[in-house]
Every structure is written in C-alpha cells, then in structure tokens.
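The exercises below each set a task and then work through a solution step by step. Please keep the sequence and the model in view while you read.

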Amino acid sequence: MNTRTPATVRWGIIGVGNVTEVKSGPGFQQADASELVAVMRRDGAKAADYARRHGVPRSYDDAEALIHDDEVDAVYIATPPDSHRDYAIAVLEAGKPVYVEKPMGRTTVECEQMNAAAQRAGLPLFVAYYRRAMPRFVTVKDLLDGGAIGTVQAVAIRNQQPAPIAEGGEMPWRVRPEISGGGHFVDLASHTLDLLDHLLGPIARVSGYAANRSGAYPAEDLVSAAFEFSSGVGGTGLWCYAAGEYRDEVEVIGDAGSLTFSTFAQEPLRLLRGDVEERIEAPYPATVQQPLIQAVVDDLTGVGTSPSTGTSAIRTARIVDTLLASYRAEHGLTFV
C-alpha cells in the first residue's frame with residue numbers, strides 16, 4: 001500500500017468521455033498541488049486524442065496499465081456506474097486512493113463493497129457529488145446556517161423534464177438500469193438528495209413510490225417521496241421525466257422565510273422574507289468539479305478535508321434504493 005502523503009497528487013483518469021471534457025478533467029490540472037498525468041479509454045485512439053488536446057503526457061487503452069503506472073498517485077473513475085465498483089476496488093487494491101463519479105454505484109450493495117475495499121486498504125474513497133463544494137451551494141449553506149430563513153422546517157423538491165429521445169435506435173445509458181441502476185432519477189435526483197444531506201443533515205426516514213408513465217424505456221420515470229431528516233425537518237420530492245416542460249426547484253422553508261434555488265441551472269437564489277424578495281447571484285464555476293477536486297487534493301495532501309466521501313455518498317445510495325426497491329422488484333431489475 002502506498003502510504004506516501006504527496007506534495008503534488010498525480011492523477012490518472014479511467015474513462016475520458018464527455019463528462020471529463022469540461023466538467024471535471026481540467027479541474028485536475030487547475031487545482032493547486034495537482035497534475036493530470038495519464039488517461040485511459042478502451043478506444044486507444046480516443047484516449048490519445050484526449051491526451052493530445054488536454055496536454056496529458058500518457059494515454060492507455062487498458063485500465064490495469066493506468067492503475068499500475070508508478071507515476072499515478074490517485075485515480076478518477078469517470079465511466080458509467082456499472083463499472084464503478086470493479087474499477088474502484090482494483091485501484092484501492094493497487095494501493096491508491098480513488099475518486100469515483102456519481103452515482104457511486106448502481107446499488108447500495110455495490111457502494112458497501114467499495115467502502116469495504118477502502119477500509120481494507122486503509123485508503124480514502126471520494127465521490128463526485130461536487131455540488132457540496134461549489135460556491136453556489138456554499139452560499140446556500142451559509143444562508144441556511146446563518147439563520148437567513150430562521151429555523152428550517154421543511155423542504156420541497158420538484159424536478160421534471162421531457163422523456164429522452166433514442167440515439168440511433170438505442171436509449172442513452174443513463175436510462176438503462178443495467179448500466180446506470182435506473183433512470184434520470186438515479187442520475188439527477190441523487191445530486192439533489194446528496195446536496196440536502198450536506199445542507200440539512202442525513203435523511204432518517206423515507207417512503208414513496210416509483211413508476212414508468214411514458215413507456216419509453218424500462219427505468220422509472222416518475223418518483224414521489226416523503227422523507228424526514230434526523231433533525232426533524234420534513235421533506236417531499238416529485239421527479240417526473242416524462243413531462244412536457246423543464247422544471248428544477250428546491251424550496252427550503254423556514255419559520256422566518258424561504259430560500260428557493262435550482263440544483264442544475266444557474267439562475268439567482270431567491271430569498272423571501274415577508275414581502276421582500278432578494279435575488280442572489282450564484283453562478284457556476286467554469287469547471288464545475290474543480291472546487292471539489294481541490295478539496296480532494298487538499299485531503300490527500302493533508303491540508304484539508306473533502307466534504308464528499310464514500311461514507312457520505314452511501315447515505316444517498318440508500319435513499320435511492322429505498323425509493324426504487326418495489327419498482328425494481330416488480331420489473332425484475334437485478335444487479336450482480
């Protein structure tokens with residue numbers, strides 16, 4: 001096991017697809033005390049092209065080669081969720097920390113296996129729930145913790161969008177349960193649920209149901225939930241991915257006002273106290289994962305702590321599993 005605390009973390013990426021072009025990949029080059037030294041994609045030509053365009057010294061078409069590259073200190077896994085567990089365990093068994101895309105895995109069981117591997121190796125496991133570190137949501141947390149709306153009483157989530165269109169006769173992997181674990185609920189709602197865990201504390205109880213209304217694909221496209229945080233704050237959520245319009249809104253209700261914001265868009269936060277509404281600008285950074293990547297690097301170099309880990313992410317996985325359990329059982333959706 002590599003117990004070195006590096007002055008600079010040298011990163012490798014497994015899976016340089018679209019998410020790594022702007023959202024994450026450049027963040028490993030922009031962060032202080034961080035370098036991106038190797039990338040891997042099964043299509044070697046595409047891996048080499050990514051390396052050339054982004055100024056990365058080495059590229060591979062084999063994950064094991066990158067994992068065992070002596071000049072790679074830590075690995076970011078940016079593949080679809082069905083391979084997260086196996087890659088993460090391989091990295092940890094090679095003695096290297098791992099940063100894995102969200103959702104952490106397709107199921108809680110996969111996440112537990114990843115966390116167990118991290119514990120056996122004595123190494124950190126981080127998960128890319130990057131909204132925990134984004135300045136937009138740091139502002140939200142500061143407002144809530146500072147009493148801007150008084151004592152928080154409840155939260156309401158509403159997220160909806162039209163059903164996706166098949167690409168070349170095949171649905172996107174994000175709505176294919178065997179790859180993603182479910183549909184857009186797993187991909188998108190996990191972000192909001194994890195963010196609320198960060199803002200308001202863990203969810204202690206949850207109930208709800210899932211259904212498929214559009215018939216466009218096997219995954220759920222309608223989920224309704226009621227939940228309670230360990231603090232006693234109540235919550236509701238409605239996610240519809242067969243709607244006629246887009247909507248993305250989280251409203252946090254306090255005894256002195258309310259705070260409304262979007263999880264995925266960049267419009268101003270809306271702070272309402274009495275009859276006075278204040279609109280607070282809170283844009284995204286150019287590389288949305290960079291603030292969390294910096295926190296992960298700080299954690300690895302011993303100068304800070306990451307707000308998103310395998311321990312925090314598994315709580316979100318459990319909530320998602322609970323809400324989808326009946327739907328998965330009724331539709332024979334199993335994962336091995």
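A residue is called buried when its relative accessible area is under 20%, exposed when that area is over 50%, and partly exposed in between, with a 1.4 Å probe and protein chains only. This is a predicted model, in which local features need pLDDT of at least 70 and side-chain atom pairs count only at pLDDT 80 or more, while totals for chains, interfaces and linings use all residues. Residues are numbered from 1 along each chain as its sequence is written, and side-chain values use heavy atoms, with hydrogens and water left out.

**Exercise 1. Decide whether Ala 33 is buried, exposed or partly exposed, and describe its backbone.**

Step one is the location: Ala 33 belongs to the loop between helix H1 (27-30) and strand E2, where helices (H or I, at least four residues) and strands (E, at least two) are DSSP runs numbered from the N terminus.
Step two is the accessibility: Ala 33 has a relative accessible area of 31%, and therefore counts as partly exposed.
Step three is the backbone: the phi of Ala 33 is positive, about 60°, although this residue is not a glycine. As background, most residues other than glycine have a negative phi, and most peptide bonds are trans.

**Exercise 2. Find the order of the strands in the open sheet of six, and say which helix packs on it.**

Step one is the order, which reads E3-E2-E1-E4-E5-E6 with parallel pairing; two strands pair if DSSP finds at least two bridges between them. The edge strands, each pairing on one side only, are E3 (58-60) and E6 (125-127). From one strand to the next the twist averages 25°, with axes taken as lines fitted to C-alpha atoms, for helices over the stretch in contact, and angles running from 0 to 180 degrees between N-to-C directions.
Step two looks at one pair: E4 (residues 74-77) and E5 (residues 98-100) run parallel and are joined by three bridges, and Ile 77 stands opposite Val 100 in E5.
Step three is the helix: H9 packs on this sheet and touches E1 (9-14), E2 (34-40), E4, E5 and E6, where contact means heavy atoms within 4.5 Å. The direction of H9 makes about 130° with that of E1.

**Exercise 3. Explain why H9 is described as largely enclosed by the rest of the structure, and place Gln 294 within that picture.**

Step one is the count: nine of the eleven residues of H9 are buried, so this helix is largely enclosed by the rest of the structure. Among the buried residues are Leu 292, Ile 293, Val 296 and Leu 300.
Step two turns to Gln 294, which is found in H9 (residues 290-300). Gln 294 counts as buried because its relative accessibility is 15%. When residues up to four places away in sequence are not counted, Gln 294 touches Ala 31 and Asp 32.
Step three follows the chain onward: just after H9, Gly 302 takes a positive phi of about 80°.

**Exercise 4. Work out the strand order of the open sheet of eight, and name the helices that pack on it.**

Step one is the order, E8-E9-E10-E7-E11-E12-E13-E14, with mixed pairing. At the edges are E8 (203-211) and E14 (276-280), each of which pairs on one side only. Direction ignored, neighbouring strands are turned by 15° against each other on average.
Step two takes the pair E13 (residues 269-273) and E14, which run antiparallel and are joined by five bridges; the bridge partner of Leu 272 in E14 is Glu 277.
Step three is the packing: H6 (residues 135-145) touches strands including E7 (152-160) and E12 (257-261), and its direction makes about 170° with that of E12. H8 also packs on the sheet, touching E7 and E8 among others, and its direction makes about 165° with that of E7.

**Exercise 5. Locate the cis peptide bond.**

Step one is the bond itself, which joins Lys 102 and Pro 103 with an omega of about -10°.
Step two is its setting: Pro 103 lies in the loop between E5 and helix H5 (108-121).
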